[in-house]
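Student: Please take a close look at one part of this model, the packing of two helices and the core around them. I would like one connected account.

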Amino acid sequence: MTSPPGPAVPEAAVIDGVNVDAVAAAVLGCTGVAGLDGGRFGEVTSYLPGRKVPGVVVSGGRVRVQIRSRWAVPAPDLAALVTAVLAPLTGRRPVDVVIADIDDPPGMRNTEQPSAGLIWPQDR
């Protein structure tokens with residue numbers, strides 16, 4: 001008697017010689033990275049058969065990663081860290097690091113919004 005097949009394990013996705021799953025895992029392992037960001041309309045996403053890897057795109061000989069940063073992490077330091085971590089995975093390809101968003105400060109509830117002193121027309 002044969003047992004039913006288990007859940008399908010996705011194969012590693014290699015695009016133009018770059019394993020996008022390994023890139024995503026390496027970026028998520030960086031201190032200061034809160035997550036990957038695929039963009040508002042999924043424009044920074046590797047689309048694969050049956051799945052997608054948001055926040056990683058390999059195109060035109062370049063690798064682009066789009067991330068969400070943790071609060072109070074200096075952007076240049078974070079970009080340099082991500083670039084260095086990805087160097088063994090991307091070879092000689094340039095890596096573009098885009099910080100698309102930053103987490104809220106610690107202790108800020110989701111309902112709190114910083115006030116910019118703006119008066120909306122409906123508030124007049």
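Tutor: What follows describes the helix pair, then the core, then one strand residue.

The model is predicted. Helix 1 covers residues 20–28 and helix 2 covers residues 75–90. Their axes come within 10 Å and cross at roughly 155°. Because angles over 145 degrees count as roughly antiparallel, helix 1 is roughly antiparallel to helix 2. The crossing of helix 1 past helix 2 is right-handed. On the helix 1 side, the residues that meet helix 2 are A22, V23, A26 and V27; their partners in helix 2 are V82, V85, L86, L89 and T90. Sorted by type, the residues of this contact are eight nonpolar, one polar and no charged.

The largest nonpolar core has 21 residues, and V27, V56, V65, V82 and L86 touch the most other members. At least two residues of this core come from each of helix 1, strand 3 (33–36), strand 6 (56–59), strand 7 (62–69) and helix 2. Helix 1 gives the most, with five residues. V82 shows the surroundings in detail: apart from neighbours within four places in sequence, V82 is in contact with V27, C30, V33, V65, I67 and V97.

Strand 6 also holds V58. This residue has a relative accessible area of 9%, and since buried means under 20%, V58 is buried. Beyond its neighbours within four places in sequence, V58 is in contact with I15, D16, V18, V20 and V63. G17 lies 41 residues from V58 in sequence, with the C-alpha atoms of the two 9.2 Å apart.

How values were computed:
Residues are numbered from 1 along each chain as its sequence is written. This is a predicted model: local features need pLDDT of at least 70, side-chain atom pairs count only at pLDDT 80 or more; totals for chains, interfaces and linings use all residues. Side-chain values use heavy atoms; hydrogens and water are left out. Axes are lines fitted to C-alpha atoms, for helices over the stretch in contact, and angles run from 0 to 180 degrees between N-to-C directions. Helices (H or I, at least four residues) and strands (E, at least two) are DSSP runs, numbered from the N terminus. Angles under 35 degrees count as roughly parallel, over 145 as roughly antiparallel, 65 to 115 as roughly perpendicular and the rest as oblique. A crossing is left-handed if the near helix is turned anticlockwise from the far one by less than a right angle, and right-handed if clockwise. Contact means heavy atoms within 4.5 Å. Ala, Val, Leu, Ile, Met, Phe, Trp, Tyr, Cys and Pro count as nonpolar, Asp, Glu, Lys and Arg as charged, and the others, Gly among them, as polar. A nonpolar core is a set of buried Ala, Val, Leu, Ile, Met, Phe, Trp, Tyr and Cys residues joined through side-chain atoms within 4.5 Å. Buried means under 20% relative accessible area, exposed over 50%, partly exposed in between (1.4 Å probe, protein chains only).
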